[in-house]
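Here is a quick briefing for anyone meeting this structure for the first time. Have a look at the sequence and the model, then read on.

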Amino acid sequence: MAALSEGAVAGEDDLLAAARRGDRKAFEKLVEQTYKDTYTLALRLCGNPEDAGEVVQEAYLRAWRGIERFRGDSRFSTWMYRITANCATNLLSRRNRDRREQLDEEAPLPDRTGRFDPERGIDGVALREDIVTALRALPYGLRAVVVLRDIYDLPHEAIAKELGISEAAAKVRLHRARNRLREMLFGGETVQEQGGSGDVRPQS
């Protein structure tokens with residue numbers, strides 16, 4: 001089968017089909033289309049640009065090596081989210097092999113004396129910055145779950161698989177993460193989890 005011509009404008013399905021046949025240009029186009037979102041996810045999971053860059057590089061390398069096995073059951077971007085989450089988990093596991101990160105529920109919360117004022121409302125940049133700061137303050141095990149669920153809308157089953165934990169553990173971590181975020185952002189009481197309600201999502 002012929003590769004995509006230089007001037008061809010192709011949709012995602014066409015690009016995927018070509019990439020599965022070994023067309024590097026088609027895969028590079030998929031990378032261009034998804035890089036920004038993939039890097040943003042890696043940065044949110046890792047907390048710093050250096051690690052995020054390493055994770056993204058590894059994620060796309062894995063995607064290229066495994067593109068023949070991708071059958072399009074989900075969007076390519078969703079597949080990349082899952083690969084990126086797995087790569088981020090592996091990177092941080094290697095970094096913490098001798099001092100595995102424990103979910104310390106007693107860890108002190110960042111000082112929130114006045115930086116976030118509820119009267120400022122939920123109208124844009126200020127709240128988004130507060131949420132990003134709060135996410136970075138969470139332990140990785142909590143941060144990864146809440147980012148994948150509340151920002152990228154991955155199901156509990158997919159999150160559990162990519163993080164190497166049970167689905168029940170993913171739900172427990174999500175509940176803890178949401179409560180920690182509420183406490184950091186609003187200083188209020190924690191609440192009981194109620195299905196999918198109460199998601200904490202940065203404003204776009």
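Before we start, one bit of vocabulary: a residue is called buried when its relative accessible area is under 20%, exposed when over 50%, and partly exposed in between. Glu167, at 37% relative accessibility, therefore lands in the partly exposed group. Keep in mind that this is a predicted model. The chain has eight helices and zero strands, and 42% of its 204 residues count as buried.

**The overall layout**

- Reading from the N terminus, the elements go α-α-α-α-α-α-α-α.
- How much of the contact pattern joins residues at least 24 apart? Taking contacts between residues at least 6 apart in sequence, the share is 61%.

**The nonpolar core**

- The largest nonpolar core has 54 residues.
- Residues with the most contacts inside that core are Phe27, Leu45, Ile67, Phe76, Leu138, Val146 and Leu163.
- Two or more core residues come from each of α1 (12–20), α2, α3 (49–66), α4 (76–95), α5 (125–137), α6, α7 (156–163) and α8.
- Which helix gives the most to this core? That would be α4, with 10 residues.
- Val146 is worth a click: setting aside residues up to four places away in sequence, Val146 touches Leu135, Leu138, Ile151, Leu174, Ala177, Arg178 and Leu181.

**A buried threonine**

- Thr34 sits in helix α2.
- With a relative accessible area of 8%, Thr34 is buried, since the cut-off for that label is under 20%.
- Apart from neighbours within four places in sequence, Thr34 is in contact with Tyr60, Phe76 and Ser77. One of these, Phe76, also appears among the residues with the most contacts inside the largest nonpolar core.

**Salt bridges**

- Side chains of opposite charge can pair when their charged atoms come close.
- How many salt bridges does a search of the whole structure find? The search finds six, and three of them are picked out below.
- Lys29 and Glu32 pair up through their side chains, with 3.9 Å from N to O. Both belong to helix α2 (residues 24–46) and are three residues apart, about one turn of the helix.
- Lys29 is partly exposed, because its relative accessibility is 39%. Glu32 reaches 58%, so it counts as exposed.
- Glu167 and Lys171 make another bridge, at 4.0 Å from N to O. These two lie in helix α8, four residues apart, again about one turn of the helix.
- Lys171 has 37% relative accessibility and so counts as partly exposed; Glu167 is likewise partly exposed at 37%.
- Arg178 and Asp150 also form a salt bridge, and their closest N and O atoms are 2.7 Å apart. Arg178 is in helix α8 (residues 167–186) while Asp150 is in helix α6 (residues 140–151), so this pair ties together parts that are 28 residues apart in sequence.
- Are Arg178 and Asp150 buried or exposed? Both are buried.

**Cysteines**

- The structure holds zero disulfides.
- Cys46 is in no disulfide, and the nearest cysteine sulfur, that of Cys87, is 9.5 Å away. Cys87 is in no disulfide either, with the sulfur of Cys46 as its nearest, at 9.5 Å. A disulfide needs the two sulfur atoms within 2.5 Å, so this pair does not qualify.
- Cys46 is buried, with a relative accessible area of 8%, and Cys87 is buried too, at 4%.

**Where α6 meets α7**

- The axes of α6 and α7 come within 10 Å and cross at roughly 145°. This crossing is right-handed.
- On the α6 side, the meeting residues are Tyr140, Ala144, Val145, Leu148 and Arg149. On the α7 side, they are His156, Ile159 and Leu163.
- Asp153 lies in the loop between α6 and α7. Although Asp153 is not a glycine, it has a positive phi of about 60°.
- At a relative accessible area of 48%, Asp153 is partly exposed.

Conventions
Residues numbered from 1 in each chain as written. Predicted model: local features only at pLDDT ≥ 70, side-chain atom pairs only at ≥ 80, totals over all residues. Heavy atoms only, no water. Buried < 20%, exposed > 50% of the residue type's maximum accessible area, 1.4 Å probe, protein only. Core = buried A, V, L, I, M, F, W, Y, C linked by side-chain atoms within 4.5 Å. Contact = heavy atoms within 4.5 Å. Axes fitted to C-alpha atoms, helices over the stretch in contact; angles between N-to-C directions. Left-handed = near helix turned anticlockwise from the far one by under 90°.
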